[in-house]
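Okay, thanks everyone, let me pull this one up on the screen. I'll talk through a few spots and then we can chat.

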Amino acid sequence: PSYKYVLAEKRGEGGCVGLVTLNRPKALNALCGELMEDLKYALLELDADPNVAAIVLTGSEKAFAAGADIKEMQHKGFVDCYAGGFLQGWDALTRIRKPVIAAVNGYALGGGCEVAMMCDIILAGEKAKFGQPEISIGTIPGAGGTQRLTKAIGKSRAMQMCITGDPINAQQASEWGLVSSVHAPDQLVNEAIKLGERIGNHSKVIVSMAKASVNKSYETSLAEGLQFEKNLFYGTFATKDQTEGMTAFVEKRKPNFTDS
Ligand code: HXC
C-alpha cells in the first residue's frame with residue numbers, strides 16, 4: 001500500500017533492507033497523528049516481509065523530524081490527552097522485531113529525537129541536531145525523552161538538554177554515545193542501507209534474538225537480564241542456523257542460513 005506521509009520501499013541486495021522515509025516536508029516532518037499511523041503500518045508491513053532483514057528509518061536532509069505536531073497539540077486539554085489516548089501507538093516502533101536503524105539528517109527535535117531513540121541504532125549526518133526543546137513550549141518530553149536519553153548519555157547531559165532545551169550537534173551526539181557513527185549528509189542513507197545489508201548476512205531469527213536480548217538490558221535488573229540472555233542463547237541451539245553457522249566455521253566455508 002502507499003501512504004500519505006511516509007514512503008516505504010526496499011533497497012539493498014535482493015531488497016533485503018526496508019527503507020521508510022518520513023515525508024511531510026512542509027512541516028519538517030512534524031509527527032502528526034496521521035503520520036504516526038502511516039509509520040506504524042509501513043514498519044509492520046516491512047517487519048512481516050520475509051525478505052527484509054533490517055529497516056532504515058529516515059527523513060529529509062533538513063529534518064528527520066521537528067517534533068510532535070505543535071499545531072495539533074496547541075489546543076488540547078488534559079482530558080483530550082488522557083482520555084483520548086494521545087501518543088498511544090507511538091511505541092509500536094519499539095515492538096518491531098527486526099532491527100530498525102535511524103538515519104538522522106538535520107533536525108531530530110522533541111518527538112523526532114524520541115522516535116530516533118526508539119530505533120535500535122542511530123546513524124547521524126554531519127549536520128544533524130538532536131534536542132528536547134519541549135521546555136521552550138511549556139511542556140516536557142512525552143515519548144521517552146527523559147528516559148531513553150538519560151540511559152543513553154547519562155543524567156547530567158540529559159538533564160541539561162531537557163531543562164535548557166538546547167540541542168546538540170552530531171559530533172557531540174557521537175562523543176556522548178547517542179549515535180554510533182557520523183557520515184556526510186548525502187552518504188548517510190546509503191551507509192545505513194549498507195549496515196542493514198551486513199545485518200542481512202546473518203540469520204534473521206538469531207538477529208531478532210540478539211536484538212531482544214540487548215533491549216532487555218534497558219528494562220530489567222542485571223541478574224534477570226543475564227538469565228534472559230542465557231535462555232535465548234540456549235534457545236539458539238534449537239535452530240538449524242546455529243548448527244549451520246558452527247558447521248560452516250569448522251568446514252571453513254560461508255554459512256548458508258535459512259532463518260530456521
Ligand atoms: C508543527 C512544525 C513543527 C512542529 C516545524 N513546523 N516544526 N509544525 N509542529 N513541531 C512547521 C513550521 O510551523 C513551518 O510551517 C514549517 O514547519 C517550517 O518551519 P520553520 O520554523 O519555518 O523552519 P526553520 O526556521 O528552518 O526552523 C526549523 C526549526 C523550527 C528550528 C526546527 O521549525 C522549530 O523550532 N520547530 C519546533 C521544534 C520543537 O519545538 N519541537 C518539539 C515539539 S514538542 P509554516 O506553515 O508555519 O510555514 C514535542 C513533544 C513530544 O515534540 C512529546 C511527545 C511525543
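**Around the ligand**

So, start here: a polar backbone atom of A66 is 2.9 Å from a nitrogen atom of the ligand. I call that a polar contact, meaning a pair of N or O atoms within 3.5 Å; within protein, one must be able to donate a hydrogen and the other to accept it, and residues adjacent in sequence count only if both atoms are side-chain atoms. The protein covers 66% of the 1000 Å² of accessible area that the ligand has on its own, with areas from the Shrake-Rupley method and a 1.4 Å probe, where for residues only the protein chains shown count as cover.

Quick housekeeping: this is a predicted model, where local features need pLDDT of at least 70, side-chain atom pairs count only at pLDDT 80 or more, and totals for chains, interfaces and linings use all residues. Residues are numbered from 1 along each chain as its sequence is written, and side-chain values use heavy atoms, with hydrogens and water left out.

Back to the ligand. K62 puts a polar side-chain atom 2.7 Å from one of the ligand's oxygen atoms, and a polar backbone atom of G111 sits 2.8 Å from an oxygen atom of the ligand. There are 24 residues around the ligand, and K62, A66, A68, I70 and G111 come nearest; a residue is in if one of its heavy atoms lies within 4 Å.

What's that shell made of? It divides into 14 nonpolar, four polar and six charged residues, with Ala, Val, Leu, Ile, Met, Phe, Trp, Tyr, Cys and Pro as nonpolar, Asp, Glu, Lys and Arg as charged, and the others, Gly among them, as polar. α2 (70-73) gives the most, with three residues. Helices here are DSSP runs (H or I, at least four residues), strands are E, at least two, numbered from the N terminus.

**Helix α11**

Next, α11, residues 240-250: D241, Q242, E244 and A248 are buried, that is, under 20% relative accessible area, with exposed over 50% and partly exposed in between (1.4 Å probe, protein chains only). Down the helix axis they fall within an arc of 165 degrees, so they line one face; the arc uses directions from the axis to the C-beta atoms. Their cover includes α9 (204-216) and α10 (222-236).

**N51**

Last one: N51 is in the loop between α1 (33-48) and β3 (54-58). Beyond four places in sequence, N51 is in contact with K10, G15, C16 and K204, contact being heavy atoms within 4.5 Å.
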